[in-house]
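Here are my notes for your reading of this model, set out as numbered points. Please keep the structure open beside them and look up each element as it comes up.

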Amino acid sequence: MAKIRAGVVGCGAIGSEICKSIDSESGLGIELKLLIDKHPENIERLCKKLKNKPDIIKSDSTKLDETLTEVDLLIECASQAAVREFVIPALKQGKDAMILSVGALLCEPGLFEELESISKEKGCRVYIPSGAVAGIDGLKSGAVGGIQSVELRTRKPPSGFEGNEYVKEKGIDLSSIEREKTLFTGSAKEAVKYFPENVNVAASLSLAGIGSEATRVTIVADPSTMENVHEIKVRGEFGKLFVRVENVPSRANPKTSYLAALSAIATLKSISYPIRVGT
Ligand SMILES: NC(=O)c1ccc[n+]([C@@H]2O[C@H](COP(=O)([O-])OP(=O)(O)OC[C@H]3O[C@@H](n4cnc5c(N)ncnc54)[C@H](O)[C@@H]3O)[C@@H](O)[C@H]2O)c1
């Protein structure tokens, strides 16, 4: 079977793990054809670690249409802006795409519907890995029978909120927090406005479940944890679900959970392997 020709946009924490996995796992059935990053030094750093260098290297979207003819699958792991800049043109050419910056689909009104309509028209697929959370499989299954509530409780060390404007406006002194303190409770739609660092998890849950207005989010600063902890509670016709993920940060980017990169690689495996386990 011919290998899937992949292009990766974003050579940071997630992109590097994906490319190293494609490079080392011949069983993945994927060939790395294209790398794009607005910082050429990031491409260079990554290429040094790869045995099989990609044929095409770019730092922006100029002449993107020509370049896209060389790939079957475009993997976005760069930024929210990159979804519009690279994924939309790829879909318009009938190419499949994977999106890691899933928060864009919550933050830019109409973007999800645009992706949906182009993919339907062109007969291509958009893959959104579970990212830094678990439980998306149960949430999707539960949604078929009907769901009453979805709650996300995210806990991080107080230092993880440094520089957050909402926390500053509320006059919360992060250095004086000695016991866990709730910083925010509200809808996922509001949460992503005030806590943009939480946007991807809130977006994945909203898309898989009952939408960003109905999904409830609580954000907690907890000096007793060193990790980003996500707890998800779902209630529906199926019963109840509770998932807790204690994420280890990626070594290359502490804002990103290592699990997010792994979930992208697992999605690539499921694309190229004929038997799919799990919902
Ligand atoms: N789905 C999830 O659960 C999840 C979890 C963690 C991170 N993410 C998202 O995945 C994306 C990548 O995360 P990361 O930790 O690898 O980030 P990173 O900062 O380590 O790397 C991003 C790379 O993309 C490049 N880049 C950014 N915008 C670009 C553009 N418009 N054109 C070309 N290159 C561009 C940067 O130069 C950088 O090299 C982010 O948007 C992040 O929010 C998603």
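1. Before anything else, a word on pairing: two strands count as paired if DSSP finds at least two bridges between them. With that in hand, look at strand 11, where N247 is the bridge partner of N228. Strand 10 and strand 11 pair in the antiparallel sense over nine bridges, and the connection from strand 10 to strand 11 is a hairpin that passes through two residues. Please bear in mind throughout that this is a predicted model.

2. The domain assignment divides the protein chain into domain 1, made of 4-131 + 259-272, and domain 2, which covers 136-248. The C-alpha centres of domain 1 and domain 2 are 27 Å apart, and the contact draws on nine residues from domain 1 and 13 residues from domain 2. On the side of domain 1 that touches domain 2, helix 5 (residues 104-107) gives the most, with three residues. Sorted by class, that side of domain 1 has six nonpolar, three polar and no charged residues.

3. One open sheet consists of six strands in the order 3-2-1-4-5-6, and its pairing is parallel. Strand 3 (56-58) and strand 6 (126-127) stand at the edges with a single partner strand each, so one side of each has no neighbour in the sheet. At one of these edges, strand 5 (residues 96-99) is joined to strand 6 by two bridges, and the two strands run parallel; A97 stands opposite V126 in strand 6.

4. A further open sheet has five strands, in the order 8-9-7-10-11, and here the pairing is mixed. Its edge strands are strand 8 (181-187) and strand 11 (239-247), each of which pairs on one side only. On average, neighbouring strands of this sheet are turned by 10° against each other when direction is ignored. Within the sheet, strand 7 (residues 147-156) pairs with strand 9 (residues 216-221) in the parallel sense over six bridges, and the bridge partner of R153 is T218 in strand 9.

5. Helix 10 deserves a paragraph of its own. Helix 10 packs on the five-stranded sheet, touching strand 7, strand 9 and strand 10 (228-236), and its direction makes about 165° with that of strand 7. How do the axes of helix 7 (residues 136-145) and helix 10 (residues 199-208) cross, and within what distance do they come? They come within 9 Å and cross at roughly 30°. Angles under 35 degrees count as roughly parallel, and helix 7 and helix 10 are therefore roughly parallel to each other. In their contact, I136, L139, K140 and A143 of helix 7 meet S204, L205 and A208 of helix 10, which by class gives five nonpolar, one polar and one charged residues.

6. The last point concerns the ligand, which is surrounded by 30 residues, the closest being G10, G12, G131, T256 and A260. Helix 1 (13-24), helix 4 (80-92) and helix 10 are the elements that give two or more residues to this shell. By class, the shell around the ligand has 15 nonpolar, 12 polar and three charged residues. Helix 10 thus appears in two of these points, since helix 10 touches the sheet at strand 7, strand 9 and strand 10 and also contributes to the shell around the ligand.

Methods: Residues are numbered from 1 along each chain as its sequence is written. This is a predicted model: local features need pLDDT of at least 70, side-chain atom pairs count only at pLDDT 80 or more; totals for chains, interfaces and linings use all residues. Axes are lines fitted to C-alpha atoms, for helices over the stretch in contact, and angles run from 0 to 180 degrees between N-to-C directions. Helices (H or I, at least four residues) and strands (E, at least two) are DSSP runs, numbered from the N terminus. Angles under 35 degrees count as roughly parallel, over 145 as roughly antiparallel, 65 to 115 as roughly perpendicular and the rest as oblique. Two residues are in contact if their C-beta atoms, placed from the backbone, lie within 7 Å. Ala, Val, Leu, Ile, Met, Phe, Trp, Tyr, Cys and Pro count as nonpolar, Asp, Glu, Lys and Arg as charged, and the others, Gly among them, as polar. Domain bounds come from an automatic or database domain assignment. A residue is near a molecule or strand if its C-beta atom, placed from the backbone, lies within 6 Å of it.
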